[in-house]
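Let's take a walk through this model, from what sits inside to how the strands and rings are arranged. Keep the structure open as you read.

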Amino acid sequence: MSLPTALHLRSNEQTAFEPSRFSSVIDWTKTALLLNGKPVTIISAEFHYFRVPDHTRWRRILADIKGMGFNTVRFYIHWGYHSPCEGVYNFRGNRDIIYLLNLCVELQLFVIVAPGPYICAEVQAGGFPIWLIANRNLRVRHMTFAPLGMIKKWDQQWHEYCAGYMTAIVKMLVPFERTTNPNGCIIAMQIENELREMPVIGFGGGCDDEIRLLCNLAREAGSTVPFFHNDDSPIGSWSNGDHYRSFKRVGARSNVKAYRTDLYGFDLYFTFPPGDRSGDLSSCQVGMLELFGVSACLNCCGIGGSGVGGSDQECLSCLYEKQSRHAPPPPLSWATANQMESAVDTLEAKFEKFGGSATHGPPVLAEAQVGWINQWGRMRTYDDVYNFFGDQFSATFQFSLMAQGVSFVNHYAAYGGTNHGTIGDTEVYTSYDYSAFIREFGLLSGRGRIMRLANLFARSFSDVGLPQSLPTTSSSRRSKILARVKATVPRALLKVRQVGIDDAHVQGVLQNDLTPFSYAFVRNLHEEMLRFNLIVDNLVLPVRLKKCESFAAPLFHDLTRTFSIFACTVPVICRTTFEGSEMWVLRVRPSEVGRIVLNVVNKNETKRHALDVKWAKIHNGSKSGVNVCGEISVTDQDPGAATSLLSAPLEELPLAEQNSFATGSDPVGVKASTEDNGICFSFSFAMDNTHIVTISEVGGSDADKPLLRLLCLTETDSRTFTARLNGNDNYSGDSTLSSFAAAWGVSNLTFMPDAKIDVGLRPQDEGSTIYVLQHKSAGVPEMFEGAISEATQLVPGLSVHHVAPNSISAALSQGWNGVDPLSKSFEIPIENLTRRAVDWMHDTVWKRIAYQNIDPLDHLMTSGHIAYRIRFRSTSTKGAIIANVRHSAVIWCNGKAVGDQVCFSHNFMSAGAMHGVDLPQAGKKRHDLSAAMSCGPDQDGFHEVIILVLSLGQGRSPFLLNDVRNKRGLLSARFSRSTKAGDISWEIGGTDVTRYDDAYGSSGLPLEDEANTSSFGDGFVPVPSIEVKADAGVVYYRGTFRVPAASILGGTMRFPLRIRVLSGAKVRVMLWVNTLFMGRYVEPLGPQRDFYVPEGLITDCKGNNIVLAVYGSTDTNISVSILPWIVDMDSGNLNDNGEVYALKTTTFALSGTK
């Protein structure tokens, strides 16, 4: 196997990882991370604790991640979330980092920690505290000009703020580092985020010192794990370190060497739902950016509107989907666009060119795309985004990465979460579902289930060289392996890799006619159903792949001195050693064409060989069911065994049309043949149920142990299958402390480190059977029984538990007087509804300002709403105000609603640009005040204008942008000449976020705290329903609701709820549940209308409070409902014809009766 990377090939920075001290715990080779000296595949899942406001759910989500086969989690630490004001840190409750790390230790999940200080992550200011960016004397990330930050100049004061934070946070992390704590979870640390080594125009400024000094701070604070930084794309930043900083494009050169991290990290996002179908149809999409377009061009001239609003929304209606608020992207369109090929299939060659850490260590894919964000103003939902990527996307991405030798991957994001309050940046609305593996409301999606199979494969084959594998290219000595493997459809054969032995060893192996273990990666991105043959040493192996599918076919895997698995083109889920024999878990479809071929290792051997094959159908769930079993035998003396099974020129071979050998009722067939590589036994399958198959050598030296066990799962059973592996990535470092176990049969299954299994049952699981397979010595799990089938004779340790009918619905229905919460018509009523309107004079704390000081950032008012009060005298009864806002506003004059305004754009350069160049001179709109002024001024002779602006948050300055201080709130306002305004005064009202423990927890509306205090009743009056009256201004509605008792967090049920808001045009609704500001509904910007209620907020089955702040510019209808999630159970997409999502949770002890 490959040796650890030599010292002279590593970083020689003062901050470099110290292998002399820690290599026995953590080290690396060219291709893999080593834990306790063993190569591992790191399969990590992104988790944002700050998007889960009820930290009582953290454990559930992390357990679901573990159940998906991930062995690691990565999480950012959000500086602003912990520091509401300068010098103050909050690590309590939902900010308790120590609790989070202890959960990872308990669940035995490794951790990649990313403390920033910049994190991006679609949060306000990229994670920097509001109080910090409000200090205009500082250059954020050392960037000089806004909104493009390509030129940098070192800002020592900025660095000192970052240094204080990094020192404080890293000291908290150090006790959890694996290098110094044998039970620690942290194995690597990411420093900063997406900080390019060389900005686009060639000026670097303080970049080198920026990354170097941050790494110094982390080391000085005691961190000893490897460091990496993540490029925004694979361009080699901070990898080499040998060259001097060179401003190549201007011919300049500095005397400072570029910094080099221990490991090279990068992000990979390569496909995005097209924006033109869901925004400006005339725009041009470049990657994730939308450029130009008619509306943006008009904006450049200071005229027209932008995105979904501006000066005249109607005049731009031609640019958008006609008569539609829903324009989904084409499903799976990424697959045929060659995007994965161009982004992924050249990675290994790039790493070799980068040099340094990218070439001599395992590249760290810090963010592998799982889905994508959805923005305000889109005419699509996260359900549409899910359909765009489809179920197979992530598993195929993972196999494509394995084909490129990438063995250290973090998938962004396993669980997206919720942008509660105002934590999200300008781009994203309340839901951050991300179309992730686990949907926002907790359902494990089909993409997550298929991803689990890829995870289990990658991890279980780590023990036999997968992370150490090297490519077989035509230019390497390994080309002899490549020449032996071909495909009748060449593009379907992605790459062939062999276990990681050096070229000299490879040459010696081949000269001695031995073959190292190899993998053939196959993929189909273009055809609805692709049929082809894999040709290995002229042996033809049929393959059939659905669109977007991929898998790795293991080749040349030795079983004994006599037999090896020559090839397997049936998708393998995982491998292990079970009861002393090799066992592979396969996914077998009813129309399976794949083969598994065993061959005699020594093709010159004259000894006769025979195999005995036994099979049994796994119990189908009925206690009285009769199981089918059988036995067949094959020898190398059978008729036809002396000839080749199929040999023909490559161009004449049929495409995967070979018939199964199975005959009659036999689910497995076998034939012996003589091939170029000697005697082969080829197995085919014809199964519509899960089976166990054992293959034994007749007359072998160990008659009690089969050569090979095969657990052949149906596609349905494979979607529920999970396993506890006992390989190189065993958390304890000792694989003997936990043995292999597997389970399948119901919706959610997770093996826990304390010898228990967590089980989650949906209503659809009632009457099903849970199967657990573990070593016989472990006994029968608690409340299980030994399987009553012949299968237990072939695979000892198989136990079953039968789920009782109606057990889930009965538990959930208790206390609802016969009403079934699982009914699609079920709705939880809002009771005790009361109403109170905001009095702008008495309920708002106004601050007198000059007109030049209207930017809310200067007042630390970044919590969403900012109110402006303009008082003026006039001798006219006619007038107008021309306002420019970011991003949404309703305007009242003398208590009358006079206007509505939205200015938000997806375009990179436009008025209201969500990121990039926001054109402040454009986006203005004129509002007629005449009708309101004709009513006359107040008793003091003043007219009053209230402009309530909803800012969607500060920008996050991604990549090379410096848009964090783009103006928000009211950009400008002036009265028309006809208004004849005089004695004008300006006031501002909002929330100074530095006065709260949570800088993102306020809506900025007046009376917010009082409305969420149940004992406060001043002005609240009972009402029968919720309504929108424009002249009423902002109106609070307060009510109560109850939930099924069993669904309280910590109970036996998970029964997530959603609040659905439907309204007429131009309505805004802010939502609170049990005091948490949890959602923003903005009808003009959409697209969200269903808001997940975080389950940890519901702590009482009866006394739950809901508060809504409702306002709009027109009188219109509105409905607010509390509903269950009725979804498609595979994708998690809302579907009125789907099923109600509920999950009954229970735990079984695995060690039971012997």
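A charge counts as sitting over a ring if NZ of Lys or CZ of Arg is within 6 Å of the ring centre and within 35 degrees of the ring normal. This is a predicted model, and with that cut-off in hand, have a look at Arg447: its charged end sits over the ring of Tyr386, 4.3 Å from the ring centre. Another case is Arg51, with its charged end over the ring of Tyr432, 3.6 Å from the centre.

Tyr386 turns up again if you go to Ser445. That serine is in the loop between strand 15 (408-415) and helix 14 (446-460). Is Ser445 buried or exposed? Its relative accessible area is 0%, so Ser445 is buried. Leaving out residues up to four places away in sequence, Ser445 touches Tyr386, Ala436, Phe437, Arg439, Asp1130 and Ser1131.

Now for the nonpolar interior. In soluble globular proteins, nonpolar side chains tend to be buried together. Here the largest nonpolar core has 250 residues, and Ile65, Leu534, Leu598, Phe683 and Phe685 are those with the most contacts inside it. Helix 6 (residues 156-173) supplies the largest share of this core, nine residues. A second core, separate from that one, has 57 residues, including Trp816 and Tyr1081.

On to the sheets. Strands of a sheet pair through backbone hydrogen bonds, either parallel or antiparallel. One open sheet has six strands in the order 24-25-32-31-27-28, with mixed pairing. Its edges are strand 24 (572-578) and strand 28 (629-635), each of which pairs on one side only. From one strand to the next, the twist averages 20 degrees. Zoom in on strand 24 and you'll find six bridges joining it to strand 25 (residues 581-587), the two running antiparallel; Thr576 stands opposite Met583 there.

Another open sheet has five strands, ordered 33-34-37-39-38, and its pairing is antiparallel. Strand 33 (722-724) and strand 38 (785-786) are at the edges with a single partner strand each, so one side of each has no neighbour in the sheet. Strand 37 (residues 769-774) and strand 39 (residues 798-802) run antiparallel and are joined by five bridges, with Val772 partnered by Ser799 in strand 39.

Further along the chain, strand 60 (residues 1118-1124) has six of its seven residues buried, so it is largely enclosed by the rest of the structure. Strand 55 (residues 1057-1063) pairs with strand 60 in the antiparallel sense over seven bridges, and Val1120 is the bridge partner of Val1061.

Last stop: the aromatics. The whole structure has 59 aromatic pairs. In one of them, the ring centres of Phe17 and Trp28 are 5.4 Å apart and the planes are at 40 degrees, so the pair is tilted. Phe17 is in the segment before helix 1 (19-22), while Trp28 belongs to strand 1 (residues 26-28), eleven residues apart. Phe17 is buried at 6% relative accessibility, and Trp28 is buried at 3%.

Phe578 and Phe740, by contrast, form an edge-to-face pair, 6.4 Å centre to centre with 80 degrees between the planes. Phe578 takes us back to strand 24, whereas Phe740 lies in the loop between strand 33 and strand 34 (741-744), so the pair ties together parts 162 residues apart in sequence. Phe578 is buried at 0% relative accessibility, and Phe740 is buried with a relative accessible area of 0%. Finally, one aromatic cluster is made up of Trp79, Tyr118, Phe128, Trp131, Trp158, Tyr161 and Tyr165.

Methods: Residues are numbered from 1 along each chain as its sequence is written. This is a predicted model: local features need pLDDT of at least 70, side-chain atom pairs count only at pLDDT 80 or more; totals for chains, interfaces and linings use all residues. Side-chain values use heavy atoms; hydrogens and water are left out. A nonpolar core is a set of buried Ala, Val, Leu, Ile, Met, Phe, Trp, Tyr and Cys residues joined through side-chain atoms within 4.5 Å. Buried means under 20% relative accessible area, exposed over 50%, partly exposed in between (1.4 Å probe, protein chains only). Helices (H or I, at least four residues) and strands (E, at least two) are DSSP runs, numbered from the N terminus. Two strands pair if DSSP finds at least two bridges between them. Axes are lines fitted to C-alpha atoms, for helices over the stretch in contact, and angles run from 0 to 180 degrees between N-to-C directions. Contact means heavy atoms within 4.5 Å. Rings of Phe, Tyr and Trp (its six-membered ring) pair if their centres lie within 6.5 Å; planes under 30 degrees apart count as stacked, over 60 as edge-to-face and the rest as tilted.
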